[in-house]
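I opened this notebook to record what I looked up in one structure. The entries follow the order in which I worked.

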Amino acid sequence: MKQQQTVRVVLVTCGTLTEARRISRKVVTKRFAACANIVLGPVESIYRWREKVEKAREWLLILKTTAARIRDLETEIKRLHSYDVPEFVVLPVTVVSRDYLTWLTDSTNRPPKTS
């Protein structure tokens with residue numbers, strides 16, 4: 001697998017800005033994502049839920065991670081999120097600068113175990 005093929009962008013929407021910030025901080029602290037961007041203006045979401053068309057204001061998270069951390073990231077999002085079915089959409093990245101790739105990989109590697 002080529003290095004740039006390991007990079008993933010993950011989209012997650014949250015019901016509140018507080019929740020978006022809390023989730024972002026936790027997943028970056030645990031190295032499940034290297035970076036979390038929070039779109040500070042709410043997005044308007046229109047979706048089907050339980051056979052009704054709903055509308056909600058949500059905050060969008062854009063998370064940068066690696067393919068190796070996707071399962072851990074998804075598990076943590078589900079654990080922390082207030083929604084029954086949180087959005088978790090993974091997008092592959094086809095081009096990434098070498099410096100950014102190095103930083104992202106270093107930021108999501110598990111830290112070495114200390115004795």
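The entries below cover strand pairing, two residues with positive phi, two buried residues and the largest pocket.

**Entry 1. Source of the coordinates**
I note at the outset that this is a predicted model.

**Entry 2. Strand pairing**
I began with strand β4, residues 52–66, and its pairing with strand β1, residues 7–14. I found that β1 and β4 run antiparallel and are joined by 8 bridges. To fix the register, I looked up Thr 13, whose bridge partner in β4 is Leu 60.

I then turned to strand β2, residues 35–38, which is antiparallel to β4 and joined to it by 4 bridges. Here I recorded Cys 35, which has Lys 64 as its bridge partner in β4.

How many bridges join strand β3 to β4? I found 7 between β4 and β3 (residues 43–49), and these two strands also run antiparallel. Within this pairing, Arg 48 has Val 53 as its bridge partner in β4.

**Entry 3. The β3–β4 hairpin and Arg 50**
I followed β3 into β4 and found a hairpin with 2 residues between the strands. Arg 50 lies in this loop between β3 and β4. Its phi is positive, about 50°, although Arg 50 is not a glycine. Is Arg 50 buried or exposed? I entered it as exposed, because its relative accessible area is 63% and the cut-off for exposed is over 50%.

**Entry 4. Arg 31**
I looked up a further residue with positive phi, Arg 31, which has a value of about 65° and is not a glycine. Arg 31 is found in the loop between helix α1, residues 17–29, and strand β2. Its relative accessibility is 28%, so I entered Arg 31 as partly exposed.

**Entry 5. Glu 76**
I moved to helix α2, residues 70–80, in which Glu 76 lies. I classed Glu 76 as buried because its relative accessible area is 5%, and buried means under 20%. Which side chain makes a polar contact with that of Glu 76? I found the side chain of Arg 79, at 2.9 Å. I then set aside the neighbours within four places in sequence, and Glu 76 remained in contact with Lys 26, Val 27, Lys 30 and Phe 32.

**Entry 6. Thr 66**
I returned to strand β4 to look up Thr 66, which lies in it. Thr 66 has a relative accessible area of 8%, so I recorded it as buried. With neighbours within four places in sequence left aside, I listed its contacts as Thr 6, Arg 8, Leu 104 and Thr 108.

**Entry 7. The largest pocket**
I searched for open space last. The largest pocket holds about 240 Å³. Which element gives the most to its lining? I found that β3 does, with 3 residues. The lining includes Ser 45, Tyr 47 and Trp 49. Also among the lining residues are Thr 13 and Glu 58, and I had already noted Thr 13 as the bridge partner of Leu 60. I completed the list with Tyr 83, Asp 84, Val 85, Pro 86 and Glu 87. By residue class, I counted the lining as 5 nonpolar, 2 polar and 3 charged.

Definitions and conventions
Residues numbered from 1 in each chain as written. Predicted model: local features only at pLDDT ≥ 70, side-chain atom pairs only at ≥ 80, totals over all residues. Heavy atoms only, no water. Pairing = 2+ DSSP bridges. Buried < 20%, exposed > 50% of the residue type's maximum accessible area, 1.4 Å probe, protein only. Polar contact = N/O pair within 3.5 Å; in protein donor to acceptor, adjacent residues only side chain to side chain. Contact = heavy atoms within 4.5 Å. 1 Å grid on protein atoms, 1.4 Å probe; cavity = no way out; pocket = protein on both sides within 12 Å on 5 of 7 lines; lining within 4 Å. Points joined across faces, edges and corners; volume = space filled by probe spheres on them. Nonpolar A, V, L, I, M, F, W, Y, C, P; charged D, E, K, R; others polar.
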